[in-house]
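I opened the model to look up one helix and its surroundings. My notes follow.

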Amino acid sequence: MAMAWGQGELFPTANEQEIQRTKFLLGKYTKMIALMQDFERYELELKQMAIDGEAARRIDQEDFHADKTANAAILIEKQRWVYKQYKFYTQQLRRAWALIQDDDAKRAVEYRYFKGYSRKETLFFFRHSMSDSTIRRKIDDGTETIANTLKLMGFFEQDDAKF
């Protein structure tokens, strides 16, 4: 009998909902990366806008500037929260992807999701080395492997706790 920690199995398998959540996150991967890069690029400008607005409010004592400052502060906090969520998701997806043992599945998932190509573009790219049905299976197998690894890492419990 294998030992398991807690109530779970030693090598848990993702359920259908967790596999679908993984597919959803993988499908949003390139958008999350783009938004994170945008936030990193413009975070200082947002902070400066809040500082400038506060300085102007003190000089003019106008409500308009106070609202601008508060809105800028709220906006940057919201964007920072989203940034942290996306950073967590993308790091966990990359960790789980790195553990895929099947090289063909790993390459297919990388091309499809991490490089952001459509399913059709991915089929076309790998067509010289694999049949369309094999490529589809490799993408599905790789996605399921990522979901299983995420489950093993406790990702879905952490993800649920965040919302």
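**Entry: Asp 102 and helix α3**

I looked first at the side chain of Asp 102, which reaches the backbone nitrogen of Ala 105 at 3.2 Å. A polar contact is a pair of N or O atoms within 3.5 Å; within protein, one must be able to donate a hydrogen and the other to accept it, and residues adjacent in sequence count only if both atoms are side-chain atoms. This is a predicted model, in which local features need pLDDT of at least 70 and side-chain atom pairs pLDDT 80 or more, while totals for chains, interfaces and linings use all residues. Residues are numbered from 1 along each chain as its sequence is written, and side-chain values use heavy atoms, without hydrogens and water.

I found Asp 102 in the loop between α2 (63-98) and α3. Helices here are DSSP runs (H or I, at least four residues), numbered from the N terminus. Asp 102 caps the N-terminal end of α3, with a side-chain oxygen 2.9 Å from the backbone nitrogen of Asp 104.

Is Asp 102 buried, exposed or partly exposed? Asp 102 counts as partly exposed because its relative accessibility is 31%. Buried means under 20% relative accessible area, exposed over 50%, and partly exposed in between (1.4 Å probe, protein chains only).

I then listed buried residues of α3 (residues 103-114); among them are Ala 105, Val 109 and Phe 114. Just after α3, I noted that Gly 116 takes a positive phi of about 80 degrees.

Last, I checked a distance along the chain: Asp 102 and Lys 138 are 36 residues apart, and their C-alpha atoms are separated by 8.5 Å.

Note on methods. Helices (H or I, at least four residues) and strands (E, at least two) are DSSP runs, numbered from the N terminus.
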